[in-house]
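Colleague: I am new to reading protein models, and I would like a close look at one part of this one. Could you take me through the aromatic rings and then show me what lies around them?

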Amino acid sequence: MAVTTDGPMGAASKTNQEAFDAVSRAQKKDILFATGGLIVMAIAMTLLLTLIGDLVIRGAGRISADFMTSYPSRLPQRAGILSAWVGTLYVMVVTAFLAIPIGVAAGLYLEEYAKKGWLSNFIEINVSNLAGVPSIVYGLLALGLFVYGFNLGKTILVAGMTLALLILPIVIVSTREAVRSIPKIIKEGAYGLGADQWQVMWNYVIPAARPGILTGAIVGLSRAIGETAPIITIGALTFIAFLPPPPVTGDFPFLSFAWLNEGFTVLPIQMFNWTSRPQADFHTIAATTGVVLIALTFSLNGIAIWIRYRLRKGYRN
Amino acid sequence: MVDDNMTLTKTNTAKVKAVEPDFDDEDTTPPIKPGKEREPLRARIEDFSFFYADGFQAIKNVDMPILDRKVTAIIGPSGCGKSTLLRSLNRMHDLYPGNRYEGRVILEPEGENLIGPESDPVIVRLRVGMVFQKPNPFPKTIYENVAAGLRVRGIKKRSMIDEAVENALRRAAIWDEVKDKLNGSAYDLSGGQQQRLCIARGLAPNPEILLLDEPTSALDPIATAKVEDLVQELSESVTIVIVTHNMQQAARVSHRTAFMYMGEMMEFGETQTIFTNPKHPRTENYITGRYG
Amino acid sequence: MPDNLIMFIAVPFGLIMAIYLSEYARPAVRETVKPALEMLEAVPTVVYGFFALLVMTPFLQNFIPGLKGINLLVPGIILGIMILPYVVSVSEDAMRAVPNSLREGGYALGMAKWQVATRIVIPGAFSGITAAFILGMSRAVGETMVLAVAAGQNPNLTWDPREGAATITAYIVQMSLGDVAYGTTAYESIFAVGLLLFVITLAFNVIGFYLRRKFREAY
């Protein structure tokens, strides 16, 4: 086959009018693509925002001090979420105390100490797959192991442990990513000054990774707040008209852990319970509970996004 | 000068601003304008300036002829504007909002101004092809990579595309290496083969000018030598403008050389003259290795 | 059955939104929509259950005769909507990870934006996009509350989306609400069912993980 060479007019020859036409047709199609994309995005975002807006419109009217300080009741007009939000608070305290130290320690160990090899590779695959395990499976695990295996009962402690297990992968993965994103030069500089591995970790790595770790912890907790299925599975009660004993007491030693062993309910369970009732009045207070839940998770995630945004700006220079 | 992580919608391309050499450089000799060419021209760059969106003037009043079916090299220290000039010739700067051209880039023989308001940048890119610093084959088969430019032009006939693909691969001197794996992934090729594939991709639609932006900067010496041979062979059939950081490369492959410094074209002339008998003191400093 | 519906919504909407955000949208739009999507990912699933049962079902009953209060159609739609933010944000990340030099190569050949998007960006991000959809699907399969609330707990094998039927996860919830006694058949059965669920989602996740890693290696 002869290699054709073209003269000065080669590409500008007849075929080119066709080429110009094809290209300008393609350019016109771009407008269609852009408009279509915009429309699809507008539809999807509107749909999502409408659903949330609808919830707010239905429920926001019932938000009041009474609603926050009343126990659930058979009468929707008198029902409130006192036991639910207090329960959520207690469970979150347990979850945070377990998941954050263990998760951060595991993340630091995996990233800084563990030898790279098939074992760390295997652990990595497991951690990222654990993050994808349905939450209800964690609930079953907790039911079999904590509730019946260890005989801990259906308590705040068990719920906190279950949710801690659930968010552990999130905390581990974000800790590792935070550590990994620290410029190597910081660590090398510290080693160059004669610091040992522990000092480098404590004085340089952890402070530099703190915003990233914090983001992961907050996102994890916000997920835990919204989780319903595993808590139902371990058998949380849905109708609770009492509060666990307070953690601070008047007598020495002023601290009490009796609340750990109490029965409880949490916000999402309360909402689930009221949603499943046939009466429309209960649906309204379910919506109100939903508004409280969404406000909680949105503010937590908002803080996390804000921290990350600041972090990204900080590294730029 | 293209950062992989930047986004196309950012206001600007990543760019390296000119850095003053670190020795005391008080030379103020004005740029030497190119003389009259006797050889036929493919394009003329006249009084051309370029401004990035932030107002930074990367090219200052450049005049430069581009000879028909010859190799024109642009050399100069990092940040001198050589890549910026090259990317102006096929309107790549139009991908980012806010960039601005001044002056004329006249395509001969019709005399169309490529940067004029009446020129469509997409049509300009059909006529002026480009090969980039790092080989950037598409995530497709070898065949589809070469055919991509033809499909953009609305060519659908299989036999025509087959013929043009083979022709382009032959011209890029890579046909023998890939003819048995045309349907294999382009990423299975070595870096040097990928770059020659990208040259074939640029050649397939028969552009009037082919721009090469430091095409060997990511290649090893053997692959570099192959690409250089190819550039010389191709210059018999297509007009080539090459930007290079490597002066020896410019000396080996080009017929004309332009030396740029701080956005200005200091000197333009026959390659041999530029390298053996430079007229501008800055050109002499550069080719004798005093900066770069 | 709801699974088909989920993909019917999530795939086209997710893909188009991701392309729009990564290739067309102005930076200001993207910087607004991306965090908004992240926020939406945080909406508790029980809230989506509320949407399904009390918002979407009554609304669709106006148009679809014979749609029961408890059905499979609405949970399918709501789950599709629920995983959309996740799917869009992960596949948009994959598209943005395609090196810009490839896009410039396309533009240099005279391609229009949609040609660059469909001929270069999507093939380049293909495994990342697939991973996003598989992981999103795995989330939907493992999701409990929407189905427990709105699909019902009736062990009804049906292909009619207007009717209700139990799913794996809803079954576990139903059993748990009844306060399953330790050691009974019901107790054993929720573990068997949970194991099945675990295996199904694990398979999805392993495929998704593998694809994502393959994608990362490519660039």
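Modeller: Happy to help; here is a walk through the rings, followed by the chains that hold them. Please keep in mind that this is a predicted model.

Let us begin with the overall count: there are 11 aromatic pairs when every chain is included. A good one to look at is Tyr20(C) with Tyr24(C), whose ring centres are 6.2 Å apart and whose planes meet at 10°. Planes under 30 degrees apart count as stacked, so this pair is a stacked one. Both tyrosines belong to helix 1 of chain C, which covers residues 2-24. They are 4 residues apart, and that is about one turn of the helix. Are they buried or exposed? Tyr20(C) has a relative accessible area of 10%, so Tyr20(C) is buried. Tyr24(C), at 13%, counts as buried too.

Now compare the arrangement of Tyr48(C) and Phe51(C). Their ring centres are 5.6 Å apart and their planes stand at 90°, so this pair is edge-to-face. Helix 3 of chain C, residues 45-61, carries both of them, and because they are 3 residues apart, about one helical turn separates them. Tyr48(C) and Phe51(C) are both buried as well.

It helps to step back and see the chain around these two pairs. Chain C has 10 helices and 0 strands, so if you follow the elements from the N terminus you meet α ten times over. Chain C has 219 residues, of which 60% count as buried. Among its contacts with a separation of 6 or more, 72% are between residues 24 or more positions apart. The area that chain C exposes is about 8,300 Å², and 66% of that comes from carbon and sulfur atoms. One further ring in chain C deserves a glance: Tyr86(C) has the charged end of Arg139(C) over it, 4.0 Å from the ring centre.

Chain B offers a similar sight, with Arg100(B) lying over the face of Phe51(B) at 4.2 Å from the ring centre. Chain B also has a cluster, in which ring pairs link Phe48(B), Phe50(B), Tyr52(B) and Tyr101(B).

While you are in chain B, have a look at its open sheet. Four strands make up this sheet, in the order 2-1-4-5, and their pairing is antiparallel. Strand 2 (57-67) and strand 5 (112-113) are at the edges with a single partner strand each, so one side of each has no neighbour in the sheet. Strand 1 (residues 41-51) and strand 4 (residues 100-107) run antiparallel and are joined by 7 bridges. For one place to find on screen, try Arg44(B), which stands opposite Ile106(B) of strand 4.

Finally, a short visit to chain A. Its mean pLDDT is 80, with 86% of its residues at 70 or more. Residues 1-14 of chain A stay under 50, and the model has 25 contacts for them beyond four places in sequence. A residue to pick out here is Val158(A), found in helix 6 (residues 156-180). Val158(A) has 0% relative accessibility, so it counts as buried. Leaving aside residues up to four places away in sequence, Val158(A) touches Phe146(A), Val147(A), Leu152(A), Gly153(A) and Ile234(A). The C-alpha atom of Val158(A) is 9.6 Å from that of Thr95(A), although the two residues are 63 residues apart along the chain.

Note on methods: Residues are numbered from 1 along each chain as its sequence is written. Chains are lettered from A and ligands numbered from 1 in the order in which they are written. This is a predicted model: local features need pLDDT of at least 70, side-chain atom pairs count only at pLDDT 80 or more; totals for chains, interfaces and linings use all residues. Side-chain values use heavy atoms; hydrogens and water are left out. Rings of Phe, Tyr and Trp (its six-membered ring) pair if their centres lie within 6.5 Å; planes under 30 degrees apart count as stacked, over 60 as edge-to-face and the rest as tilted. Helices (H or I, at least four residues) and strands (E, at least two) are DSSP runs, numbered from the N terminus. Buried means under 20% relative accessible area, exposed over 50%, partly exposed in between (1.4 Å probe, protein chains only). A charge sits over a ring if NZ of Lys or CZ of Arg is within 6 Å of the ring centre and within 35 degrees of the ring normal. Two strands pair if DSSP finds at least two bridges between them. pLDDT is the predictor's confidence in each residue, from 0 to 100. Contact means heavy atoms within 4.5 Å. Accessible areas come from the Shrake-Rupley method with a 1.4 Å probe; for residues, only the protein chains shown count as cover.
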